[in-house]
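Please load the model in your viewer and keep the selection panel at hand. The tour proceeds by selections, each followed by an account of what is found there.

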Amino acid sequence: MAVELPEGSWWDWDVVSWDPSRLVLGTGHDLTYHHLLELRFDEPELVTCPAAFQDPAFRDPTPAETAHVQRQLGALPAVLVAFTADAGGADPADGLIAAGRLTIVRGTVFRYWRGELAPGERHAPWVRPPVG
């Protein structure tokens, strides 16, 4: 499935969090201080994804990618997302994510501590208040 992103500057991407129940990719024009959009993959079953990448082109999975996922999982998942992106290497990197569900969430996610948050704002999972 080709992901359709809302209007915005979605150039810089990284893995915000990943555990057995959810993979979260964050994006924005610059991830230094915050990100503005998340792709949340619930129940990830198979993931091939660089930790950080730029300017992905989301596309339909190739027949070979689809067959690979079906062999690995025994059946096709509800969500199968493929992309090609710049991950800093000599050649573009391919990403492939098989999951139970995909949700696209907008909102400002700060990557540093801010005491007062407005509605729709939140902290990244690793951000903690200062000690002392």
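Is Asp42 buried or exposed? Asp42 is buried, with a relative accessible area of 9%; buried means under 20% relative accessible area, exposed over 50%, and partly exposed in between, with a 1.4 Å probe and protein chains only.

Two conventions apply throughout. This is a predicted model, in which local features need pLDDT of at least 70 and side-chain atom pairs count only at pLDDT 80 or more, while totals for chains, interfaces and linings use all residues. Residues are numbered from 1 along each chain as its sequence is written, and side-chain values use heavy atoms, with hydrogens and water left out.

**The whole chain**

Begin with the entire protein chain in cartoon form. It contains one helix and nine strands, where helices (H or I, at least four residues) and strands (E, at least two) are DSSP runs numbered from the N terminus. Their order along the sequence is β-β-β-β-β-α-β-β-β-β. The C-alpha trace spans about 55 × 30 × 25 Å along its principal axes. The radius of gyration of the protein chain, taken over C-alpha atoms, is 16 Å; a compact globule with 132 residues would have a value near 14 Å, and the two agree. The globule rule is 2.2 Å times the number of residues to the power 0.38.

Colouring by accessibility shows that buried residues make up 39% of the 132 residues. The exposed surface of the protein chain is about 7400 Å², of which carbon and sulfur atoms supply 52%; accessible areas come from the Shrake-Rupley method with a 1.4 Å probe, and for residues only the protein chains shown count as cover. Among contacts (heavy atoms within 4.5 Å) with a separation of 6 or more, 54% join residues 24 or more positions apart.

**Salt bridges**

Next, select the Lys, Arg, Asp and Glu side chains. A salt bridge is a side-chain nitrogen of Lys or Arg within 4 Å of a carboxyl oxygen of Asp or Glu, and the count by this rule is seven.

Select Arg101 and Asp42. They form a salt bridge whose closest N and O atoms are 2.7 Å apart. Arg101 lies in strand β8 and Asp42 in strand β3 (residues 34-42), so the pair ties together parts that are 59 residues apart in sequence. Whereas Asp42 is buried, Arg101 counts as partly exposed at 47% relative accessibility.

Move to Arg111 and Asp14, another salt bridge, with the closest N and O atoms 2.9 Å apart. Arg111 is in the loop between β8 (101-110) and β9 (121-123) and Asp14 is in strand β1, so this pair links parts 97 residues apart in sequence. Both partners are buried: Arg111 has a relative accessible area of 14% and Asp14 one of 15%.

Then select Glu65 and Arg59, whose side chains meet in a salt bridge (2.9 Å, N to O). Glu65 counts as buried at 13% relative accessibility, and Arg59 as partly exposed at 21%. Now add Arg22 to the earlier pair: salt bridges that share partners join Arg22, Asp42 and Arg101 into one network.

**Arg40**

Select Arg40, in strand β3. Its side chain makes a polar contact with the side chain of Glu38 (2.9 Å). A polar contact is a pair of N or O atoms within 3.5 Å; within protein, one must be able to donate a hydrogen and the other to accept it, and residues adjacent in sequence count only if both atoms are side-chain atoms. Beyond four places in sequence, the contacts of Arg40 include Arg22, Arg101 and Arg122.

**Nonpolar cores**

A nonpolar core is a set of buried Ala, Val, Leu, Ile, Met, Phe, Trp, Tyr and Cys residues joined through side-chain atoms within 4.5 Å. In the largest one, of 17 residues, select Trp13, Leu25, Leu39, Phe41, Phe58, Val81 and Leu102, which touch the most other members. Elements giving two or more residues to this core are β2 (22-28), β3, β5 (52-59), β6 (79-86) and β7 (93-99). The largest share, four residues, comes from β6.

Centre on Phe58: residues it touches more than four places away in sequence include Ala2, Trp13, Leu39 and Val81. A second, separate core of six residues includes Leu46, Val69, Leu80 and Ala82.

**Ala2**

Finish at Ala2, in the segment before β1 (12-19). Ala2 is partly exposed, with a relative accessible area of 37%. Outside its neighbours within four places in sequence, Ala2 is in contact with Phe58, Arg59 and Asp60. Ala2 and Arg59 are 57 residues apart in sequence, yet 4.4 Å apart in space, C-alpha to C-alpha.
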